[in-house]
Amino acid sequence: MNTQSLSPAARNGLVVLRLLIGWHFLYEGVIKMYSSTWTAKGYLLSASFLQPVFGWLASDTLIGFVDTANIVALMLVGVLLVLGFKSKWGCWVGIGLLVLYYLAHPQFPGLPQGPSEGSYWLVNKNLIEAAALFVLAQLTTDTYFGIARLFSTSKN
Amino acid sequence: MADDSIFSRLSRRDWLKGLAGVPILGSIWFAGASFAGKAKRERKALLETLNIKASPPPPTGPMSGDPIRVGIVGFGGRGEDLVRALGFPTQEWLEARKKDAAENPSDTRLKEYLQQENLNVKLTAVCDVFDVRADRALRSFNSNGNVCKRYRTHEELIASGEVDAIIIATPDHWHAPISIDAIKAGIHVYVEKPMTHNIAETYALRDAVRANPKAVLAVGHQHRQTQSFLTAQDAIAKNILGHVSLVVTATNRNDDNGAWQYDIHPEASPQTIDWERFLGSAPKAEFNKEHFFRWRKWWAYGSGLSGDLMTHDYDRINCILKMGIPKFITASGGIYTHRDGRNVPDVMQINMEFPDFTTGSSQEAGKEKGMTFVYSATLGNTFDRGTVLMGHDASMELGNAVTIYADWGSTRFKKMIDEGRVDPTVPVYQYDPSTNGTDAVTSATAKYFANKGLLWTYRDGKRVDSTFLHLREWLSCIRNGGKPSCGIDEGFEEAITAHMGGLSYKLGRRVEWDPVAEKIIALPGEDLDAILLANEEFVTSPAMKRS
């Protein structure tokens, strides 16, 4: 959707939101890429929901691919959102990742909550970030603030 | 040019807003790379400083050659486990696992079992005094080219000429008599723990083994095969922990099975059980089903917590520290959780003193020496207290993984703690045998996962049966030579320590070992074996006496 009709404050707000989420994804991806011992195995094996699926992803044959795919996807989302280029794609990839993270450890009553810095019931930060990405996927600001501006004529 | 036509229309504002993300991206990348790089360098430096060699036990030799003919004496619960690990599951077990796998596809126990290496043995003989158990063995093990015969007594089994080796999984009071007869006949022996039931036969069995060096005796402490123990040994050898002054181990159980309250078979009767044979050296008694199936509850046949379960923990620590028999033992306890007529305690604390032992020191010479090893057990609570070796510089948590925490008061790590490079609340070192991974300074989250045992799960086909490995080691010593990791000397130390624990509990005083004379010190007129095996009902309090 075109964001030209929004007030400057609203449009700038969307840009800030896009940059913050992109920042978060990119930093997570970079840290994981440079940490040789990082693996998603523990997170997947401790899944409190859909264990067969996450257990399968954590299996020896798949975990290497899953770890690499996770890092690449995190960094891709981060780069697209921070640079403002095809950020709509980045939003949908990001939503996919966050939904997987959420489903492995959903904040459903009765399920173990694991380590966390807050208290949650149904809603947690993964879900909120996914919802924010959904908004950003509808209201793209790449041609207003981002590399896409260089190739666009509309500057919306 | 086309490019010119696209970019020439761009204003300075367009360029700024178009490329503003690039420096942000660069900053984030730089920050992440330098932070992770610093953490990696610090971890590498710490691992190099610690220099712990993480390695699993060396593989045992080949299983080639003629099949070894094995007999099983005592085909109860543990006997079934042992021959199954040897490659001989009962039909009932196979059916049950097939059913489990059909109901739950993620139950891979059967699949893993069927993938187990063939140990190239024949199970040729079974000896059990209960017809039902012997028949079950004969039903299951006379197939696939294996011929298994029943013998009424272990003497007949040993004399049959049909066995090269035997596995003994009888009640404790039969361990030594059968082992001694077999060893004297040149038959190899794998005997369950505790190696013996009393003090005198501990010496007699050692004499028999020394006189017959060709027969290989292994004691069934399968924990010796724990993947992490060499790593733990190396950490001790490199004095990472500093002077270890206290070792704590524990047993925590809270169910009938854990308290030896086993099922009584409906077909048990004087007609199906050779009761006199079961009694053996035990005091004469009328036929009693409960005594037969729940023999661990009485000193007449079993050894209580000190012989049955403390021996596991003692041997695990002895395999790492090699501290030998304690100089003093003080034990206490009582029957506090299962007042069902048993006479062995179900809550027991055993304090073992090693006043001359040291693992090394990081402080001035002579300041530190001596260690206490506490074994603490209850059959009325399951809170997991773990196994911890506590040194001046660090503590080592010992399980399938080895986890080391620096100590706040450490001399060795003082500088690193002061500089914030080591945090005593998170592990300074972790060895996870399931991934062959080592790590230092793990995160709180990793610690949480590790504590839950998730980082070394064996779900993905890596689960290894330590009993299988222990049997394989014994068979390899028989075939290829070598010494079992838990042989007669280790078994002697285990058995004497267990008996000192039982004695201290019964005497209500400190029991002392004379390492020169190799004797437990008795007061004038004391018959220690008579005291250890005494079977009077143990009454713990006036209240109980009234009840």
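# Exercises on a predicted model

Along strand S11 (residues 388-391) of chain B, side chains alternate: Leu389(B) and Gly391(B) face one way and are buried, while Val388(B) and Met390(B) face the other way and are not. Buried here means that 20 or more other C-beta atoms, placed from the backbone, lie within 10 Å of the residue's own; exposed means 12 or fewer, and partly exposed is in between. Helices (H or I, at least four residues) and strands (E, at least two) are DSSP runs, numbered from the N terminus.

This is a predicted model, in which local features need pLDDT of at least 70 and side-chain atom pairs count only at pLDDT 80 or more, while totals for chains, interfaces and linings use all residues. Residues are numbered from 1 along each chain as its sequence is written, and chains are lettered from A and ligands numbered from 1 in the order in which they are written.

**Exercise 1. Find the strands that pair with S11(B), and the partners of Met390(B).**

Step 1: Recall that two strands pair if DSSP finds at least two bridges between them.

Step 2: Start with strand S7 (residues 244-252) of chain B, which runs antiparallel to S11(B) and is joined to it by four bridges. Here Met390(B) is the bridge partner of Leu246(B).

Step 3: Go on to strand S12 (residues 394-398) of chain B, antiparallel to S11(B) and joined to it by three bridges. In S12(B), Ser395(B) stands opposite Met390(B). A hairpin of two residues links S11(B) to S12(B).

**Exercise 2. Work out the strand order of the open six-stranded sheet in chain B, and name a helix that packs on it.**

Step 1: The order is S3-S2-S1-S4-S5-S6, with parallel pairing.

Step 2: Look at the edges, strand S3 (149-150) and strand S6 (217-219) of chain B, each of which pairs on one side only.

Step 3: Strand S1 (residues 68-73) and strand S4 (residues 165-168) of chain B run parallel and share four bridges. Val70(B) sits opposite Ala165(B) of S4(B).

Step 4: Now add helix H18 (residues 466-480) of chain B, which packs on the sheet and touches S1, strand S2 (121-127), S4, strand S5 (188-191) and S6 of chain B. The direction of H18 makes about 165° with that of S5(B). Axes are lines fitted to C-alpha atoms, for helices over the stretch in contact, and angles run from 0 to 180 degrees between N-to-C directions.

**Exercise 3. Describe how domain 1 and domain 2 of chain B meet.**

Step 1: Domain 1 covers 68-225 + 467-488, and domain 2 covers 229-464 + 496-546. These bounds come from an automatic or database domain assignment.

Step 2: The C-alpha centres of the two domains of chain B are 25 Å apart. Their contact (C-beta atoms, placed from the backbone, within 7 Å) takes 24 residues from domain 1 and 33 residues from domain 2.

Step 3: On the domain 1 side, helix H7 (131-141) and helix H10 (199-211) of chain B each supply at least two residues. H10(B) gives the most, with three residues.

**Exercise 4. Locate the largest nonpolar core.**

Step 1: Such a core is a set of buried Ala, Val, Leu, Ile, Met, Phe, Trp, Tyr and Cys residues joined through C-beta atoms within 7 Å.

Step 2: The largest has 127 residues, of which Ile166(B) and Val189(B) touch the most other members. Helix H19 (residues 488-507) of chain B gives the most to this core, with eight residues.

Step 3: Both domains of chain B give residues to this core, so it lies between them.

How values were computed: Two residues are in contact if their C-beta atoms, placed from the backbone, lie within 7 Å.
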